[in-house]
Amino acid sequence: MDTSPSGLLRVFAPKVPFVVKTALWHSLWLSPTSSKWDLRTEITVRIIRSLLDNPNPTPLAKQQRWSLKDPGIKGRMWISKVTLPRPEEEDIRDVLVEAIASLDQGEGIYTVPPILPVEAEWTGYRANVGHDRQRLDLSEGQHYEKLMAEVTSPVTILYFHGGVHFMMDPASHRIPVSRLAHVTNGRCLSVRYRLAPQNPFPCALLDAFQVYLSLLYPPPGSFHEAVPAKHIVLA
């Protein structure tokens with residue numbers, strides 16, 4: 001879905017009569033769910049259903065391209081982009097494969113993925129600036145130093161964005177992630193895990209596991225120091 005203001009307007013403007021009808025039927029107790037849902041829930045559920053019930057669905061590849069548009073970095077956030085190198089050993093993949101095997105009920109078939117470097121974004125809250133303030137022209141290391149200068153809590157949020165495993169990335173979630181940093185007074189590491197269908201299960205899971213271990217045991221050249229497990233929050 002095109003998440004620009006004009007794109008959202010094109011999607012939701014035609015839904016106005018539908019919303020009015022839904023609200024009217026709910027208010028008159030003519031809807032079968034009037035006694036079970038409040039008005040906001042009913043409108044939300046019915047809009048979502050109407051969007052999903054599309055006789056001409058947008059191709060998956062096109063949805064993915066839309067969701068990966070980078071809106072840029074501005075406003076009340078510090079962003080430091082990093083690439084976490086692949087470990088020299090393959091132990092983490094072996095551990096993951098063993099964990100999957102322990103849960104297998106005889107129906108799971110998958111290809112063991114390669115271990116690759118994983119991109120991520122350190123995200124922090126940038127106080128005392130306007131929503132349109134542009135990103136400073138600094139190195140990624142300097143951005144990380146600026147970010148850490150405003151961190152007052154040991155909390156480190158390891159964030160895995162939504163998108164049903166095939167859409168979006170850290171760029172699409174910068175605003176909510178920076179808000180998490182704000183309310184916790186901590187920092188967030190938002191992971192650009194591999195997306196399906198180009199990278200099927202368990203590629204994303206392997207990337208997530210690799211980044212978690214990189215927090216515990218920083219690779220050489222990392223901006224961050226080792227983070228105790230008790231300070232890591234998964235989100």
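Colleague: Okay, so helices here are DSSP runs of H or I with at least four residues, strands are E runs of at least two, and both are numbered from the N terminus. With that settled, which loop holds Pro 197?

Modeller: Pro 197 is in the loop between strand 4 and helix 8, and helix 8 covers 203-216. Keep in mind that this is a predicted model.

Colleague: What kind of peptide bond joins Ala 196 and Pro 197, cis or trans?

Modeller: That one is cis, with omega at about 0 degrees.

Colleague: And the peptide bond from Phe 201 to Pro 202, cis or trans?

Modeller: Cis as well, with omega near 5 degrees. Pro 202 also belongs to the loop between strand 4 and helix 8.

Colleague: Let's zoom out. How many helices and strands are in the protein chain?

Modeller: The chain has 8 helices and 5 strands. Going along the sequence, they come in the pattern α-α-α-α-β-α-β-α-β-α-β-α-β. If you want a feel for the dimensions, the C-alpha atoms fill a box of roughly 65 × 55 × 35 Å along the principal axes.

Colleague: In what order do the strands sit in the sheet?

Modeller: The order is 1-2-4-3-5, in an open sheet of 5 strands with mixed pairing.

Colleague: Which strands stand at the edges?

Modeller: Strand 1 (78-84) and strand 5 (232-234) do. Each of them has a single partner strand, so one side of each has no neighbour in the sheet. On average, neighbouring strands of this sheet are turned by 25 degrees against each other, direction ignored.

Colleague: How many bridges join strand 1 to strand 2?

Modeller: There are 7 bridges, and the two strands run antiparallel, with strand 2 covering residues 118-124. To pick out one pair, Thr 83 has Glu 119 in strand 2 as its bridge partner.

Colleague: Which strands does helix 6 touch?

Modeller: Helix 6 (residues 140-149) packs on the sheet and touches strand 1, strand 2 and strand 4 (187-192). The direction of helix 6 makes about 125 degrees with that of strand 1.

Colleague: What about the loop between strand 2 and helix 6, which residue lies there?

Modeller: Asn 128 is one of the residues in that loop. Asn 128 has a positive phi of about 65 degrees, although it is not a glycine.

Colleague: New topic: helices against helices. At what angle do helix 2 and helix 3 pack?

Modeller: Helix 2 (residues 16-27) and helix 3 (residues 39-52) pack at about 140 degrees, and their axes are 10 Å apart. That angle makes helix 2 oblique to helix 3, because the label roughly antiparallel is kept for angles over 145. Their crossing is right-handed.

Colleague: Which residues meet there?

Modeller: Helix 2 brings Phe 18, Val 19, Thr 22, Ala 23 and His 26, while helix 3 brings Leu 39, Glu 42, Ile 43, Arg 46, Ile 47 and Ser 50. By type, the residues of this contact divide into 6 nonpolar, 3 polar and 2 charged.

Colleague: How do the side chains of Arg 46 and Glu 42 meet?

Modeller: They meet in a salt bridge, at 2.9 Å from N to O. Arg 46 and Glu 42 are 4 residues apart in helix 3, which means about one helical turn separates them.

Colleague: How many salt bridges does the count come to?

Modeller: The count comes to 11 salt bridges.

Colleague: Last one: at what angle do helix 5 and helix 8 pack?

Modeller: Helix 5 (residues 91-103) and helix 8 pack at about 125 degrees, with axes 10 Å apart. That makes helix 5 oblique to helix 8, and the crossing is right-handed. From helix 5, Ile 92, Arg 93, Val 95 and Leu 96 meet Leu 205, Leu 206, Phe 209, Gln 210 and Leu 213 of helix 8. The residues of this contact divide into 7 nonpolar, 1 polar and 1 charged.

Terms used. Residues numbered from 1 in each chain as written. Predicted model: local features only at pLDDT ≥ 70, side-chain atom pairs only at ≥ 80, totals over all residues. Heavy atoms only, no water. Axes fitted to C-alpha atoms, helices over the stretch in contact; angles between N-to-C directions. Parallel < 35°, antiparallel > 145°, perpendicular 65-115°, else oblique. Left-handed = near helix turned anticlockwise from the far one by under 90°. Contact = heavy atoms within 4.5 Å. Nonpolar A, V, L, I, M, F, W, Y, C, P; charged D, E, K, R; others polar. Pairing = 2+ DSSP bridges. Salt bridge = Lys/Arg side-chain N within 4 Å of Asp/Glu carboxyl O.
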